[in-house]
Amino acid sequence: MPELAAHGLRFLRRRWRVLVALTGWSLLEAGQTFLGGYALARALDTGFLAHRTAVGLYWLAAAAVGIGVGAVGTGRSFLGVAGLAEPLRDALVTRVVTGGLRDAVAEPHRADTAVVSRLTQQVEIARDSFAGLVVVARSFVFTALGALVGLLSLSGALLLVVAPPLVLGLAVFALALRPMARAQRAFLTADEALAEAVGQTAAGLRDVVACGAEEHAARWIRSGVDAEYTAARVLARWGMVRVAALGLGGRLPVLLLLVTAPWLLDHGVTAGALVGAMTYVTQSLLPALQSLVQGFGGAGTRLTVVLRALVRGGAALEAPEAHAGGEVAGAAVELRQVSFGYGGTARLVVHDLDLVLPVGTHLAVVGPSGIGKSTLANLISGLLRPDSGEVLVNGEPAGRSRSRVLIPQEAYVFSGTVRDNLRYLCADPVPDEALRRAAEAVGAGRLVRRLGGLDAAVDPTALSAGERQLLALGRAYACPVPLVLLDEATCHLDPAAEARAERAFAARPGGTLVVVAHRISSARRADLVLVMDGARAMCGRHAELLADCGLYRDLVGQWDAVGSGSQPAGALGYPDGVNPVAGTGLAVDGRHVVPHRAVTQVQPAGDLGHRGTLGGE
Amino acid sequence: MRTEDRLLLAALRHSARRTVFLCLTSAAGSAAALLLPTALGHTLDLLLRHRAAPHLMLLCAALVGASVALDAAQTLLSGTTDAKTTAWLRDRLLHRILGVGPYAAARFTPGDLAARCTGNAATAGTAATATASLVTTLITPVGALVALTLIDPWLAAVFLAGGPVLVLLLRTFARASSDCVSRYQRAQAAIASRLVEALGGARTIAAAGTAGREAARVLEPLPELSREGHRMWRIQGRATAQAAVLVPLLQTAVLAVGGIRLATGHLSVGELLAAARYAALATGVGAFVSRLAALVNARAAAARATEVLALPTMLYGDRKPPFGEGQLELRGVTVVRGGQPVLEGLDLRVPGGSTVAVVGRSGAGKSVLAAVAGRLTDPDAGEVLLDGVPVPLIDRAELRREVGHAFERPVLFGTTIEDAIAYGVDAPTPQRCRAAARAARADGFVSLLPDAYRTERARAPLSGGETQRLGLARAFAHCGRLLILDDATSSLDSVTELQISQALAHDVPARTRLLIAHRASTAARADLVAWLEGGRVRALAPHHELWRLADYRAVFEGVADA
């Protein structure tokens with residue numbers, strides 16, 4: 001709370017000009033309030049009661065002019081409100097967006113779409129509540145100022161009668177503010193919990209019904225309904241305190257003016273002044289106090305609750321880093337005794353892994369779902385830091401190296417032109433011809449032409465998952481970096497398209513390629529295959545692994561002979577259900593390959609290693 | 001009478017006593033508010049003539065006290081009445097949502113249903129109090145106008161002449177603002193959709209180190225948003241200023257005429273004071289309009305609730321299926337979705353104790369068949385029998401006990417992982433949950449979580465494959481005689497799938513299984529394959545027999561093999 005207050009003060013201090021303007025326009029309003037009572041008093045005393053009707057009318061005309069001028073002030077004061085509420089909204093939107101992106105980038109598997117509701121709803125609640133607070137508080141302060149100055153100018157005695165109950169009412173309200181805010185918060189929390197219970201139940205209604213768990217679900221939702229009911233009743237009771245504060249501050253002064261009237265009249269207060277005082281109380285103070293007690297508590301609580309949720313965190317994002325292309329030193333990828341686990345008591349996903357990939361190698365990583373293949377890709381690309389050991393890319397620590405590109409399964413295509421999407425990873429301007437060539441190379445040429453060329457706008461939602469992957473592949477190809485990691489980046493392509501894309505990357509001169517395989521055909525095409533099986537990892541050529549690695553045989557067998565021996569032998573072109581595209585066999589085309597060796601210990605990992613992909617495999 | 005009005009009437013009846021009491025308090029409050037200015041005026045007149053007025057003074061005090069007390073009572077009553085009506089409405093909504101079955105409820109998105117249960121229900125819940133306060137907001141201005149007339153008809157005439165001008169001016173601003181609001185919302189939506197895109201590409205952005213650039217791209221429409229926002233405030237400022245002019249000006253006009261009448265001796269000072277107050281109260285007609293708008297809102301919200309309440313509930317019988325192996329029979333089943341028949345007169349008999357795989361091109365109605373077979377939805381024609389008993393006759397709990405479902409994208413419930421597996425009609429023992437998790441190959445990754453099975457789900461984000469395995473474990477932990485797997489292993493690799501199917505054969509009690517399969521390997525392991533085409537079963541035979549047919553093989557083409 002103090003932190004929030006400090007934020008708020010800084011925010012206001014930076015906008016002192018707006019505050020000054022707001023005060024200025026509000027003073028016009030205060031002037032109107034002042035005239036409302038004062039002119040009436042003078043109109044009565046010097047005009048109507050003195051049988052000088054014209055003078056009375058002059059005074060009332062002055063009040064009418066005051067009303068007009070005051071209204072201008074009221075209207076203009078909203079520009080001041082805008083000058084505060086809009087920058088607040090801008091700041092919050094910026095914060096939510098950068099914060100949401102930062103969190104998503106730090107932990108891509110936890111990418112949280114709740115940030116969108118924060119953006120569209122909570123930020124708006126904050127904006128409206130804040131503006132409401134400013135309007136209500138400002139209006140009360142300046143109305144009260146006008147009325148109190150008016151009372152003082154009519155007679156100091158009047159101020160003595162009116163001010164104490166007003167202060168008392170405000171004090172009661174101020175004291176109740178904190179518990180009322182608590183009640184309000186309880187209500188908001190209950191409402192959120194209820195919305196979540198209903199939303200989740202509705203989203204999983206099929207599962208609820210299939211499990212026969214309607215009573216469970218009903219109990220869950222009803223507990224939310226009951227909690228909100230209770231909170232609403234508590235709020236209603238606090239509403240009575242508000243009424244009491246209003247009665248003390250706004251209604252009691254009228255009675256007091258009546259009771260003290262004989263004394264006041266004896267002490268030089270005129271009939272007009274008395275009427276003016278009553279007008280101040282009933283026409284100005286009472287309504288202003290009423291909006292204050294009704295609006296302030298609710299809006300204030302909503303604002304603090306929402307702001308507290310929104311302001312959490314919010315450091316600046318790092319500046320985009322350029323890709324340092326070219327220069328290659330040593331092995332393209334080197335893992336030395338690398339271990340990694342997802343923290344806590346969780347077991348290690350990668351344990352003491354050694355791996356050296358010379359420049360130009362094409363490696364395929366295979367293994368069962370959730371064994372940690374994406375984790376490995378993240379370690380090599382530096383998105384994850386190993387718990388122990390070292391990951392070097394071109395001789396540099398992976399975290400620092402920008403000489404690699406990672407294309408994940410969920411291809412990122414954004415609304416923009418085809419050109420913007422293709423050159424996304426390039427720091428320097430790229431000639432259109434190079435972009436076209438890149439698209440052509442990975443098999444996205446037809447897609448780019450169909451979309452309408454490089455200048456065409458892309459609507460990501462109108463593309464199929466495979467088309468998005470093609471654009472992402474073209475983007476990677478267009479980026480002149482030595483190491484490309486494809487983490488199931490071709491899973492939505494058909495086998496032929498996948499083969500074309502992988503070959504394109506493998507054929508880049510000096511280009512090293514790591515493919516987390518979605519199909520076994522990817523492994524057949526690779527120079528080297530890394531088999532991750534939880535207990536240990538083995539690295540070798542396809543044929544060697546077929547001979548030495550049981551799991552690899554299983555995987556190949558599963559992938560290949562899906563029909564599990566029930567196919568009519570030889571009757572068909574391919575065994576039942578197998579991927580109809582034959583592998584390219586051993587693709588060790590004369591390039592140097594690390595000698596076959598068993599890569600040491602990779603611990604059983606389960607699916608934790610697989611959190612990197614959003615939809616699973 | 002419209003259905004939403006019937007709902008509102010029912011809501012009023014539900015809190016009838018409170019509503020009547022609320023009406024009475026409000027009416028009494030209005031009466032006090034109307035009497036007070038006259039009493040004040042008379043007292044003031046006596047005091048100005050230096051005469052004691054103890055009785056009148058007491059009356060004033062009593063009226064002020066009554067106003068405060070009635071106001072307090074009204075606040076409490078409307079708060080609690082709203083709360084009670086809202087809770088009642090929500091209860092009805094939740095029963096209906098849970099009772100209609102998932103397919104009928106799918107007309108509404110989950111977010112929409114949540115909105116109808118929270119915001120809409122709360123708005124509809126104010127109907128009772130809105131009606132009650134409508135009465136008072138009408139009494140007060142009318143009464144004030146009458147009082148004004150009684151004090152001096154001239155004053156009432158001035159007020160009535162100025163009133164129409166007031167209304168005309170008030171109406172000018174409403175139109176200009178809506179256009180501005182929609183432009184504002186468009187800019188906001190543009191930012192939101194850019195952000196959603198970027199979040200979807202989080203891993204690419206992380207790897208490329210382009211988060212800063214992305215933030216700038218997402219925030220591009222912000223200046224537009226700000227511009228429209230400022231415009232909205234300007235419009236609102238103008239509207240507020242207009243409203244701020246009208247009431248005081250009208251009052252001043254009444255005071256001016258009153259002053260003239262005072263100077264000519266037709267009016268006392270106290271009467272003038274009362275007249276000013278009555279003029280203010282009479283402009284409370286605006287409050288009447290806003291209460292009316294509130295009632296209209298409540299009615300619109302009730303209409304949205306009614307749409308949910310109008311969905312037909314799924315009725316269950318009270319029969320227990322006879323002892324059996326779980327034989328499933330579909331007879332002439334037709335299901336129509338969006339005007340198109342998905343299943344058309346489909347006949348299928350799944351022998352008790354056998355495993356039948358359902359295959360077919362996407363869109364062939366495989367999932368619909370699974371839903372009909374397990375009575376997640378009822379067919380538009382035809383019937384489904386479990387061990388000879390039509391499923392609608394079977395008691396709900398019995399049916400769910402006997403038939404288990406696992407899905408491609410299961411939604412899990414419960415606080416912990418263990419709760420999620422145990423979720424169902426009866427709570428299985430922790431041992432059974434663990435055995436089910438082992439059979440579903442979920443044990444491995446669950447044991448990696450900080451508190452294993454006791455880990456709160458909120459603290460353990462799960463991948464699609466992990467969620468799928470927990471969904472399987474949930475089905476394994478509960479199911480009786482029939483197990484329906486609707487593509488429930490699609491996110492798993494072939495090895496894991498094979499392990500699960502082996503465990504399924506040995507460790508899961510369900511005797512009869514219906515599998516929706518995309519992979520040839522799954523189909524190959526089943527006793528029989530039901531090949532779905534054109535809304536019917538084209539063939540029911542073992543996989544290896546069907547494999548001879550090119551059409552059948554074509555079904556699996558393009559299916560990723562891992």
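**Exercise 1. A strand pair in chain B**

Find the residue in S2(B) that stands opposite B:Val336.

*Solution.* Start with the ground rules. Residues are counted from 1 along each chain as its sequence is written, while chains get letters from A and ligands get numbers from 1 in the order in which they are written. You're looking at a predicted model, where local features need pLDDT of at least 70, side-chain atom pairs count only at pLDDT 80 or more, and totals for chains, interfaces and linings use all residues.

Step 1: pick out the strands. Here a strand is a DSSP run of E with at least two residues, a helix is a run of H or I with at least four, and numbering goes from the N terminus. S1(B) covers residues 328–337, and S2(B) covers 340–350.

Step 2: check that they pair, which takes at least two bridges found by DSSP. S1(B) and S2(B) have 7 bridges, in the antiparallel sense.

Step 3: read across. B:Val336 faces B:Pro341 in S2(B). Further along, B:Glu329 has B:Arg349 opposite it in S2(B).

Step 4: look at the turn. The hairpin of S1(B) and S2(B) has 2 residues between the strands, and B:Gly338 in that turn has a positive phi of about 60°.

**Exercise 2. The whole sheet**

Work out which strands stand at the edges of the open sheet in chain B.

*Solution.* Step 1: write down the order. The sheet has 4 strands, S2-S1-S4-S5, with antiparallel pairing.

Step 2: look at the ends. S2(B) and S5(B) (389–390) each have a single partner strand, so one side of each has no neighbour in the sheet.

Step 3: follow S1(B) to its other partner. S1(B) and S4(B) run antiparallel, joined by 5 bridges, and B:Leu330 has B:Val384 in S4(B) as its bridge partner.

Step 4: see what lies across the strands. Helix H14 of chain B (366–373) lies across S1, S2 and S4 of chain B, at about 125° to S1(B).

Step 5: try chain A. An open antiparallel sheet of 4 strands has the order S2-S1-S4-S5 there too, with S2 (348–357) and S5 (396–397) of chain A as the edge strands. S4(A) and S5(A) pair over 2 bridges, and A:Leu392 has A:Pro397 in S5(A) as its bridge partner.

**Exercise 3. Helices that cross**

How are H2(B) and H3(B) oriented to each other?

*Solution.* Step 1: get the numbers. H2(B) (16–48) and H3(B) (54–99) pack at about 155°, with axes 8 Å apart. The axes are lines fitted to C-alpha atoms, for helices over the stretch in contact, with angles from 0 to 180 degrees between N-to-C directions.

Step 2: use the cut-offs. Under 35 degrees is roughly parallel, over 145 roughly antiparallel, 65 to 115 roughly perpendicular, and the rest oblique. H2(B) and H3(B) are therefore roughly antiparallel.

Step 3: repeat for H5(B) (110–125) and H13(B) (285–309), with an angle of about 135° and axes 7 Å apart. H5(B) and H13(B) are therefore oblique to each other.

Step 4: try H1(B) (3–14) and H13(B), whose axes come within 8 Å and cross at roughly 100°. That makes H1(B) roughly perpendicular to H13(B). Contact means C-beta atoms, placed from the backbone, within 7 Å. Residues of H1(B) in this contact include B:Leu7 and B:Leu8, and those of H13(B) include B:Ala302 and B:Leu309.

**Exercise 4. Domains and the chain contact**

How many residues does each chain put into the contact between chain A and chain B?

*Solution.* Step 1: split the chain using the automatic or database domain assignment. Chain B has domain 1 (1–152 + 269–314), domain 2 (171–266) and domain 3 (328–555). The C-alpha centres of its domains 2 and 3 are 52 Å apart.

Step 2: read off the contact. Chain B gives 136 residues and chain A gives 148. Helix H11 of chain B (222–263) gives the most to chain B's side, with 22 residues.

Step 3: sort that side by class. Ala, Val, Leu, Ile, Met, Phe, Trp, Tyr, Cys and Pro are nonpolar, Asp, Glu, Lys and Arg are charged, and the others, Gly among them, are polar. Chain B's side has 75 nonpolar, 39 polar and 22 charged residues.

Definitions and conventions. Contact = placed C-beta atoms within 7 Å.
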